[in-house]
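Student: I'd like a close look at one part of this model. Could you walk me through how a pair of helices packs, and then show me the surroundings?

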Amino acid sequence: MLSEESSYGTFSEGDRMEDQEISRRFFLIQSGAGIVSAWLLSHPTEVLAAQEHAHRAAQSAAPVKFEFFTPEQAAEIEAIAAQIIPTDDTPGAREARVIYFIDRALATFAVEERATFVKGLKELPSKVKKQFKTKQRFSDLNSDEQIQLLKAIENSPFFELVRTMTIMGMFANPEYGGNNDQIGWKLIGFEDQFLFKPPFGFYDRVYRAERERGEAV
Amino acid sequence: MMGYEQTKFDATTEIDFVLVGTGAAGGIIAKELSAAGFRVLALEQGPYLKEKDFEHDELKYVRQWAVSNNYKRQPNTFRSAEKEKARLQPAIIYGRMVGGGSVIYSANYWRFHEIDFVERSRLGAIAGTGFADWPITYAELEPYYTKAEWELGISGLAGSSPFDPPRSKPYPLPPLPIKSSGALAELGARKLGWHAFPAPMAILSERYQGRSACFHCGFCQYFGCEARAKSSTLTTVIRDAEKTGRCEIRPNSCVRKVEIDKAGRVTGVIYFDESGREVFQKAKAVVLCANGAETPRLLLLSKSNLFPKGLANSSGKVGKYLMFNGSAIARALFEHPLNEFKSVVVSRVIHDFYESDPRRGFYGGGGIDTRFVSYPINFALQGLPPDAPRWGAEYKRLLKENYTHTLGALSHTTSLPLETNNISLDPDVKDALGLPAVRVTYKDHPDDLRTMKFLQDRSVELLEAAGARNVWARPVIEQTFAFHLLGTCRMGNDPKDSVVNKYHRAHDVPNLFICDGSSLVTSGRGQPTCTIQALAYRASEHIIRMAKSGDIKPSL
């Protein structure tokens, strides 16, 4: 079966327990007394409200201290992430707080990826200097210069990893520290709800309408 | 929360049957044997999770193997030919929890067709393969397909596919609502003269047996269902088994050896309990349902003087004839929103190319379904067309425009049984318990690759006929990763070419039974769970018959 569906990443026990704790709270809010389905079906709007609330409650409001990065390193990685998914008329990786996701990941379930980050961050200043003489920090470059530099390293394991982790930070559950305010999900139109009712999209709506009018073949 | 007392046997309880594995097959056998009056202990290597434990969390469930084999603790190695040295590389995935893969699969529930059981005699031998007829026919299995559908709760529409095999009873539940992918499959199929029919799914379209109907949250594949709408064994027969008071489900218990006496009869199993302690569990008979990788691995681990090649392996076929099923996808972008992330994975299926056709010039056939493909992370990593940028403003724009407008047409195809495709013990790599890791040796037969390409081309035609704005398909390549693990202890009448007989009894060991994906003789066209579960009902009936008539003689 689909080889492209093979997985990435690891987890530690502590991490997992913490996640389960979040989830348990999350589930209790949603399921009321535990009679999940009946309750869900009769209270769809409450479910959505509770879910929204749970997502917000699980997220810390103020920036937390970095656990793995120094502030300087964080600024560099955040600048790269902000080129991978930039901010334009809609929020990007920066507003989604992807950097907090990556920092937490490197401190917990992605410990094995630290070395690639450390090496990439160490080599970055010389690459910047080589291409732009007067500057040393990636985050000091203007946007065009940043893009130019990333194009030069876009096939490196370092860039591939930052890309992967930026995407995870943009689209993983907000409980992991990124996807702030579900910015990533809102961008692409994904909704995590416990209840949807048909029609789900345009073509099944048309299909149903045709059937109701007796136009089906 | 469970609403009943779970059975816990103490060490002195006399156990009739030890089951290894509690998945699609094991759950059913646990229920049937305990309901028939036998004391059953089902050992499961994974945890016992309940509905309240399940979460919507792509990172954890899809990318970090929260409920499947974890490659750090249950590593496997892979190579494409026996002359190569296998390397550490995820090659198999299975549900590692009570309920096994039946908890986390997409719940497609196709019956095999009549041809699947007799294809070898209809088409003739295929040189260099182990292509064989089954020892049973579709007609013999039909009552058990029906039983599985009604006991577990399957949604579908009998007679909606002109290619459907005969059935004795309709589905217990009507089909689930059509999705946009399904409406487009119907549209494309109509233009091409093909037939798209409502997907048979192990997901409840209406309330059934006290369980809720699906409320279309969209978290099916890789996820457990909080609503109990997916008809896993966890939420159906395993509860029923426990309610008999004669079945204990013992999680976090990993069996390392099936023990035999001097006469070659099974005496019980040795397993690591949840604290890592080795325990011997005596039993009158043992049933292996640990999946198509773990079942042969356990037999190969259970070497003895009587069985130097591994238990029940006088034929040398334990682990051999591994079949993955072929799989190839085409993706497409449509003008209007599909919102495929809502509801179940699949709502329409096409079986027009199910049978092999000699005019194509190669063996093979398959089905196509149109479906939801990616949760957000996976989509952003690899869901855009191959010519799309991988980062930057244009990449972001495409993610925004494409996510709700993209679907896949996935083909599910035949794999020929080859001795050179197999499960063996890795000589170097050990798992977290210190046992030799699963080594997968696999290379698709050229006809399997041609079949995948043929079906992928049909998928592209289908999507174009349905009016897609853009259709793309990556080249078909040899598979190195599988969800379906089939054929590795196959059924047969000839003890020299099969591991179990038509009643799932090991040819070599009279009180050892094997029933799971490993029992399959041919691969079908993907979606094997329905057939595995029908086999489990049939095997149970025969095991009960033999046990009641005193035919299963335990070790003394």
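Tutor: Happy to; we start with two helices of one chain and then step outwards. Keep in mind that this is a predicted model. Two packed helices are described by the angle between their axes and the distance between those axes. Our pair is α6 of chain A, residues 114-132, and α7 of chain A, residues 143-153. Their axes come within 11 Å and cross at roughly 115°, and the crossing of α6(A) and α7(A) is right-handed.

Now look at who meets whom. From α6(A) come A:Lys127, A:Val128, A:Gln131 and A:Phe132. Facing them in α7(A) are A:Glu145, A:Gln148, A:Leu149, A:Ala152 and A:Ile153. Sorted by class, this contact has 5 nonpolar, 2 polar and 2 charged residues.

Next, step out to the boundary between the chains, where 55 residues of chain A are in contact with 59 residues of chain B. Several helices of chain A each supply at least two residues to that side, among them α1 (13-31), α4 (71-84) and α8 (157-171). The biggest giver is α8(A), with 6 residues. By class, the side of chain A that touches chain B has 32 nonpolar, 16 polar and 7 charged residues.

Finally, meet the partner. Chain B has 12 helices and 18 strands, and its C-alpha trace spans about 70 × 55 × 50 Å along its principal axes. A compact globule of 556 residues would have a radius of gyration near 24 Å, so the 23 Å of chain B agrees with that expectation. Of the residues of chain B, 62% count as buried.

Terms used
Residues numbered from 1 in each chain as written. Chains lettered and ligands numbered in written order. Predicted model: local features only at pLDDT ≥ 70, side-chain atom pairs only at ≥ 80, totals over all residues. Contact = placed C-beta atoms within 7 Å. Helix = DSSP H or I, 4+ residues; strand = E, 2+ residues; numbered from the N terminus. Nonpolar A, V, L, I, M, F, W, Y, C, P; charged D, E, K, R; others polar. Rg over C-alpha atoms; globule rule 2.2 N^0.38 Å. Buried ≥ 20, exposed ≤ 12 C-beta atoms within 10 Å, placed from the backbone. Axes fitted to C-alpha atoms, helices over the stretch in contact; angles between N-to-C directions. Left-handed = near helix turned anticlockwise from the far one by under 90°.
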